[in-house]
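Hi there,

Here is the structure I promised to pass on to you. Have a look at it first, and then read on for what turned up.

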Amino acid sequence: MPKKRKNRGRHKGDKGKEPLVHCDNCGKLVPRSKAVRVTVPYSPVPADLARELEKQGAIIPRYYVTKTYCINCAIFLGIIKVRPEDERKKKAPLTKSAPVRSNVAAVPPVAKPAQAQQPVQSSSQGTQSQ
Ligand SMILES: [Zn+2]
């Protein structure tokens, strides 16, 4: 029988049965090896407010939340993508995490001078008001 994917869409091998987990988005029951797990940083403070507070020196904790999604929801949310037929048999890691990290690594050198300049402006405004 032809296989659509080398691992049949799962990574359980010839293990047999596996526990089911709930999708965090829709609640569907999915085999654990078929589910897509994503760890994302979560902050109770909105991003804009957090940036302003960090400029003023506040330390805002970041919590990492691991979410489990079914395949439908993972595709809908853009975590994984539908691949062309010849690429399906290659083993591909979650493609979203790798490019995001490289972008994040590229961004801070640009962002750091901007952050360094802004406190200088705020301190000069502080001296003018005094
Ligand atoms: Zn789902």
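Let me start with the metal. The zinc ion is held by four sulfur donors, Cys-23 (SG), Cys-26 (SG), Cys-70 (SG) and Cys-73 (SG), at 2.2 to 2.3 Å; donors here are N, O and S atoms within 2.8 Å of the metal (3.2 Å for Na, K and Ca), and water is not among the atoms, so sites may look incomplete. The angles among the four donor atoms run from 103 to 113°, which makes the site tetrahedral (for four donors, that label requires all angles to lie between 85 and 135 degrees). Along the sequence, the donor residues follow the spacing C-x2-C-x43-C-x2-C. Distant parts of the chain are linked this way: Cys-23 sits in the loop between E1 and strand E2 (29-31), while Cys-70, 47 residues apart from it, sits in the loop between strand E4 (63-69) and H2.

Before going further, a word on where the numbers come from. This is a predicted model, in which local features need pLDDT of at least 70 and side-chain atom pairs count only at pLDDT 80 or more, whereas totals for chains, interfaces and linings use all residues. Residues are numbered from 1 along each chain as its sequence is written, and side-chain values use heavy atoms, with hydrogens and water left out.

Now the overall layout. The protein has four helices and four strands, and from the N terminus on they run β-β-β-α-β-α-α-α. Helices (H or I, at least four residues) and strands (E, at least two) are DSSP runs, numbered from the N terminus. Of the 130 residues in the protein, 15% are buried, where buried means under 20% relative accessible area, exposed over 50%, and partly exposed in between (1.4 Å probe, protein chains only). The protein exposes about 10,700 Å², with carbon and sulfur atoms supplying 56% of that area; these areas come from the Shrake-Rupley method with a 1.4 Å probe, and for residues only the protein chains shown count as cover. Among contacts with a separation of 6 or more, residues 24 or more positions apart account for 50%; contact means heavy atoms within 4.5 Å.

Which residues make up the largest nonpolar core? There are eleven: Cys-23, Val-30, Ala-35, Val-36, Val-38, Tyr-69, Cys-70, Cys-73, Ala-74, Ile-79 and Ile-80. Strand E3 (36-42) and helix H2 (71-76) are the elements that give two or more residues to it. A nonpolar core, as used here, is a set of buried Ala, Val, Leu, Ile, Met, Phe, Trp, Tyr and Cys residues joined through side-chain atoms within 4.5 Å. In soluble globular proteins, nonpolar side chains tend to be buried together. One member of the core, Ala-35, touches Val-21, Val-30, Thr-68 and Tyr-69, leaving out residues up to four places away in sequence.

Cys-70 deserves a closer look. Its relative accessible area is 2%, so Cys-70 counts as buried, and Cys-23 is buried too. Apart from neighbours within four places in sequence, Cys-70 is in contact with Cys-23, Cys-26, Lys-28 and Val-30. Cys-70 and Lys-28 are 42 residues apart in sequence, yet 7.0 Å apart in space, C-alpha to C-alpha. Over in helix H2 you will find Asn-72, which counts as exposed because its relative accessibility is 54%. Asn-72 lies 9.7 Å from Cys-23, C-alpha to C-alpha, with their positions 49 residues apart in sequence.

Finally, there is a polar group around the segment before strand E1 (20-22), where Arg-10 lies. The side chain of Arg-10 makes polar contacts with the side chains of Glu-18 (3.3 Å) and Ser-33 (3.3 Å). Glu-18 and Ser-33 are themselves joined through their side chains at 2.9 Å. A polar contact is a pair of N or O atoms within 3.5 Å; within protein, one must be able to donate a hydrogen and the other to accept it, and residues adjacent in sequence count only if both atoms are side-chain atoms. Glu-18 counts as buried because its relative accessibility is 15%.

Best wishes

Definitions and conventions
Tetrahedral: all angles 85-135°; square planar, octahedral: opposite > 155°, others 65-115°.
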